[in-house]
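Subject: Structure handover

Hello,

Please find below the structure I am handing over to you. My notes on what was found in it follow.

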Amino acid sequence: MTARISRDTQLCMSLSGRPGNFGTRFQNYLYDALGLDYLYKAFTTTDLEGAIAGIRALGIRGCAVSMPFKEAVIPLLDGLEPSAKAIDSVNTVLNTEGVLRGYNTDYTAVATLIADSGLSPDTPVALRGSGGMAKATACALRDGGFARGWVVARNAVAGQRLARTAGWQWSEDMRGVTAGLLVNVTPIGMEGSSDAQSLAFTEAEVAAAQLVFDVVAIPVETPLIRLARALGKPVITGGEVIVLQAVEQFVLYTGVRPEPELVARAAAHALG
């Protein structure tokens, strides 16, 4: 890859409080496989305004945005696409000749995966979490017609705010909540977290569910996903979300949609 970098190489990047390797490995794998003159690099910053100004000034083509910058970046942009405007949260910035527009491919990915699952929108939802990704997930479900739901969150302020946004109810825990769709959008089950071996929902709650959705991507086979599979429940994994949203970012940056087989190889490389 480095042998072909030139003054014409298009730079794409990410901004995150805690940069990871998935986007860098995934995007660069596809650039190489398709012979595209692009390079992707992960960054963090303590000067978001300066970083966004740099994207504009240096002609950086695109930037993936992760926590804690998804909402703070909005006033620094020139406009929002519907996917970001619907939830006031940005995970992708596209630079077109100095004009910066915000998108949310997390929202798009969740909406696509839920629609493809075939689950009826009449199914009641229990969504555990209240952060930025929880907002994208809840709003994608809301806009998909899932009108009955609970935001389950210990943070009452954030949980109630998200519940109002989605038109759902808030609960501090699962007492009194019965749901056919269980969604984990917390670090529970995430590699490296203090709750890496814990379950976001109990075995009884999983047994009563129609579909289990865990947004945690590393590992893809979280304790919750393993339990759901053991109980014969259909699942949506965080690996599916992270790959699909990254593909949509790739398309925005390059204008090229890679074939599914190539995406699968890039995903295996990035998640391996």
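A residue is called buried when its relative accessible area is under 20%, exposed when it is over 50%, and partly exposed in between (1.4 Å probe, protein chains only). By that scale Glu97, at 82% relative accessibility, is exposed.

Before the rest, two notes on the basis. The model is predicted, so local features need pLDDT of at least 70 and side-chain atom pairs count only at pLDDT 80 or more, while totals for chains, interfaces and linings use all residues. Residues are numbered from 1 along each chain as its sequence is written, and side-chain values use heavy atoms, with hydrogens and water left out.

Backbone

Most residues other than glycine have a negative phi, and most peptide bonds are trans. Some places here depart from that pattern. Glu97 is not a glycine, yet has a positive phi of about 55 degrees. Glu97 sits in the loop between β5 (92-96) and β6 (99-103). Helices (H or I, at least four residues) and strands (E, at least two) are DSSP runs, numbered from the N terminus. Asp88, also not a glycine, has a positive phi of about 50 degrees. The loop that holds Asp88 runs between α3 (82-85) and β5, and Asp88 is partly exposed at 44% relative accessibility.

Two peptide bonds are listed here as cis. The bond from Met67 to Pro68 has omega near 10 degrees, and Pro68 is in the loop between β3 (62-65) and β4 (79-80). The bond from Ile218 to Pro219 has omega near 5 degrees, and Pro219 is in the loop between β11 and α8.

Val220 lies in that loop between β11 and α8 (223-230) too. Val220 is partly exposed, at 24% relative accessibility. Leaving aside neighbours within four places in sequence, Val220 is in contact (heavy atoms within 4.5 Å) with Ile225, Thr237, Gly239 and Leu271. The C-alpha atoms of Val220 and Asn21 are separated by 15 Å, with the two positions 199 residues apart along the chain count.

The helix after this loop, α8, has Pro223, Leu224, Ile225, Leu227 and Ala228 as its buried residues. These pack against β10, α7 (203-207), β11 and β12 (235-236). After α8 comes Gly232, with a positive phi near 75 degrees.

Nonpolar cores

A nonpolar core is a set of buried Ala, Val, Leu, Ile, Met, Phe, Trp, Tyr and Cys residues joined through side-chain atoms within 4.5 Å. The largest one has 31 residues, of which Leu127, Leu141, Leu181, Val183 and Phe213 touch the most other members. Two or more residues come from each of α4 (105-117), β7 (125-128), α5 (132-143), α6 (156-166), β10 (181-184) and β11 (211-214). The most come from α5, which gives seven.

What does Leu127 touch? Not counting residues up to four places away in sequence, the list is Ala134, Thr137, Ala138, Leu141, Trp150, Val151, Val152, Leu162, Trp168, Val183 and Val185. Apart from this core lies another, of 24 residues, including Cys12, Ala266, Ala267 and Ala270.

Cysteines

How many disulfides does the structure hold? Zero, where a disulfide is a pair of cysteine sulfur atoms within 2.5 Å. For Cys12 the closest cysteine sulfur is in Cys63, at 9.0 Å, which is too far for a bond. Cys63 is likewise in no disulfide. Cys12 is buried, with a relative accessible area of 0%, and Cys63 is buried at 0% as well.

Second largest pocket

A pocket is an open set of points on a 1 Å grid over the protein atoms alone, where a 1.4 Å probe fits, with protein on both sides within 12 Å along at least five of seven lines; lining residues have an atom within 4 Å of a point. The second largest pocket has a volume of about 210 Å³, volume being the space filled by probe spheres set on the points, which are joined across faces, edges and corners. Its lining includes Met67 and Pro68, the two residues of a cis bond described above. α5 and α6 each supply at least two lining residues, and α6 gives the most, with four.

Regards
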